[in-house]
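Q: I would like a close look at one part of this model, namely the open sheet and what surrounds it. Please take me through the strands, the helices and the loops in one connected account.

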Amino acid sequence: MIHNFNAGPSVLPKEVFKKASQAVLDFNNTGLSILEIGHRTSLFQPVMDEARALVRELMELDSDHEVLLLHGGATTQFMQVPMNLLGEDELASYTETGTWAVKAIKEAKLFGHVEIAGSTKAGNFTSIPEELSVSATAAYLHITTNETIAGTQWHAIPYECGVPLVADMSSDILSRRLDFNRFDVIYAGAQKNMGAAGVNLVVVNKNVLGKLSRPIPTILDYRNHIAEGSMLNTPPVFAIYVMLLTLRWLKEQGGVDAIEQCNNAKAELFYTTLDSLPLFKGPVAVEDRSKMNAVFVMDNKELEAAFLDLCKKEGMVGVKGHRSVGGFRISMYNALTIDSVKALTDLMKHFAQQNG
Ligand SMILES: *Cc1c(COP(=O)(O)O)cnc(C)c1O
């Protein structure tokens with residue numbers, strides 16, 4: 001039995017793998033593979049339509065918000081967001097909360113001015129800023145709702161920041177109820193919580209677009225993707241199909257509220273165990289701990305290596321921490337079962353007993 005704690009690409013429901021494999025061999029009993037049909041056909045169009053509609057339904061989006069499925073990963077959005085929203089002489093406000101926020105800030109600086117509304121860099125990104133200072137003239141405020149590497153998460157969203165709100169939700173998209181309509185741009189690579197690598201979800205409030213004089217390359221202008229129903233060019237058809245299957249699965253589970261309860265139960269089990277075992281330490285401020293990516297360490301590096309070996313032996317994959325943080329990190333995305341968390345926490349208890 002494998003327990004997959006990978007940070008991304010990451011665990012998906014088994015039935016998604018089964019149905020996706022079937023579609024490669026024979027898509028909907030057509031005798032054709034999903035990999036060999038045109039994207040502008042009556043075979044694929046319903047896949048695109050249903051995937052976008054399911055995002056709209058699961059996130060309860062209003063008609064101002066458009067759903068796009070694009071190429072290029074979240075990393076492309078680091079650049080595409082300011083290209084579409086930030087004028088050369090304008091200011092954008094960014095929160096600096098970890099590796100991913102830092103990358104987003106770097107790209108924004110290519111297009112306009114950037115202010116840091118709040119930073120936790122001095123504390124090694126082990127918390128979320130307690131207070132923000134956002135200029136009223138800022139084109140938008142950017143937050144990274146979940147820092148996948150640092151293991152922090154915004155539990156209080158700064159909806160009242162006074163300017164349009166933009167969020168990188170790559171690693172906690174559809175994991176919990178948020179007021180998605182109060183964001184003006186939401187983007188997320190699918191490979192953490194929503195499907196396979198290769199497709200990017202972008203939710204954009206169309207009222208924030210079209211305000212710049214900058215010429216925008218056709219493929220990078222959100223307005224063109226909206227006008228073309230997210231089919232400006234060949235979309236990543238297979239990744240979109242896997243995303244559709246994952247969204248259907250999520251709806252069958254009861255949607256965002258139901259999955260949030262599961263995610264809360266998993267996080268509760270993990271962190272309660274962590275806090276009960278002095279051998280393991282959690283560097284992240286308790287109130288800012290991520291329910292998706294939990295980071296933990298040991299003081300004794302030899303024991304760390306021994307625990308990693310034990311995890312490996314027990315079929316636990318993806319437990320090693322990110323190279324920039326060390327220690328351990330486990331990702332508890334939507335598709336990870338509580339049984340996997342139970343198996344890991346049992347192993348932690350056992351190991352602590354042997355080495356206490
Ligand atoms: C993984 C990740 C990214 C990068 O996504 P790509 O699809 O590889 O470009 C960006 N932001 C966050 C928060 C991530 O977890």
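A: What follows is a reading of the sheet, then of the helices, and then of several loop residues.

The model is a predicted one, and every value below is to be taken as computed from it. Its open sheet is built of seven strands in the order 2-10-9-8-5-3-4, and the pairing within this sheet is mixed. The edges are formed by strand 2 (65-70) and strand 4 (113-119), each of which pairs on one side only. From one strand to the next, the twist averages 20°. As general background, the strands of a sheet pair through backbone hydrogen bonds, either parallel or antiparallel.

Within that order, strand 5 (residues 141-144) is a convenient place to start, and the way its side chains are disposed can be given in full. Leu141 and Ile143 point one way, while His142 and Thr144 point the other way, and all of these residues are buried. Strand 5 pairs with strand 3 (residues 91-96) in the parallel sense, over two bridges, and here serine 93 is found opposite leucine 141. Strand 5 also pairs with strand 8 (residues 165-168), again in the parallel sense, over four bridges, and in this pairing isoleucine 143 is placed opposite alanine 167. The same alanine 167 leads on to the following pair, since it stands opposite isoleucine 186 in strand 9. Strand 8 and strand 9 (residues 185-189) run parallel and are joined by three bridges.

The sheet is also accompanied by a helix. Helix 4 lies across strand 3, strand 4, strand 5, strand 8 and strand 9, and it runs at about 160° to strand 3. Helix 4 (residues 99-108) packs in turn with helix 3 (residues 73-85), at an angle of about 40° and with the two axes 8 Å apart. Angles from 35 to 65 degrees fall in the oblique class, and helix 3 and helix 4 are therefore described as oblique to each other. The crossing of these two helices is right-handed. On the side of helix 3, the contact involves Phe78, Met79 and Pro82, which meet Trp100, Lys103, Ala104, Glu107 and Ala108 in helix 4. By class, the residues of this contact divide into six nonpolar, no polar and two charged.

A second helix pair may be set beside this one. Helix 7 (residues 255-276) and helix 9 (residues 338-355) pack at an angle of about 5°, with their axes 9 Å apart. An angle under 35 degrees counts as roughly parallel, and helix 7 and helix 9 are therefore roughly parallel to each other. Helix 7 contributes Ala265, Lys266, Leu269, Phe270, Thr273 and Leu274, which meet Ile338, Val341, Lys342, Leu344, Thr345, Met348 and Lys349 in helix 9. This contact of helix 7 with helix 9 has eight nonpolar, two polar and three charged residues.

The loops deserve equal care. Threonine 148 lies in the loop between strand 6 (146-147) and strand 7 (152-153). With a relative accessible area of 4%, threonine 148 is buried, because buried means under 20%. Leaving aside its neighbours within four places in sequence, threonine 148 is in contact with Ala7, Trp100, Ser171, Lys192, Asn293, Arg329 and Tyr333. Trp100, one of these partners, is also among the residues of helix 4 that meet helix 3.

The loop between strand 4 and strand 5 holds glutamate 130, and this loop is also the place of phenylalanine 125. Glutamate 130 counts as exposed, at 80% relative accessibility, whereas phenylalanine 125 counts as buried, at 15%. Glutamate 130 and threonine 120 are 10 residues apart in sequence and 9.2 Å apart in space, C-alpha to C-alpha. The backbone of phenylalanine 125 has a phi near 60°, which is a positive value in a residue other than glycine.

Leucine 174, located in the loop between strand 8 and strand 9, likewise has a positive phi, of about 55°, although it is not a glycine. Leucine 174 is buried, with a relative accessible area of 1%. A last backbone detail concerns the loop between strand 1 (3-4) and helix 1 (14-25), where proline 9 is found. The peptide bond leading from glycine 8 to proline 9 is cis, with omega near -5°.

Methods:
Residues numbered from 1 in each chain as written. Predicted model: local features only at pLDDT ≥ 70, side-chain atom pairs only at ≥ 80, totals over all residues. Heavy atoms only, no water. Buried < 20%, exposed > 50% of the residue type's maximum accessible area, 1.4 Å probe, protein only. Pairing = 2+ DSSP bridges. Axes fitted to C-alpha atoms, helices over the stretch in contact; angles between N-to-C directions. Parallel < 35°, antiparallel > 145°, perpendicular 65-115°, else oblique. Left-handed = near helix turned anticlockwise from the far one by under 90°. Contact = heavy atoms within 4.5 Å. Nonpolar A, V, L, I, M, F, W, Y, C, P; charged D, E, K, R; others polar.
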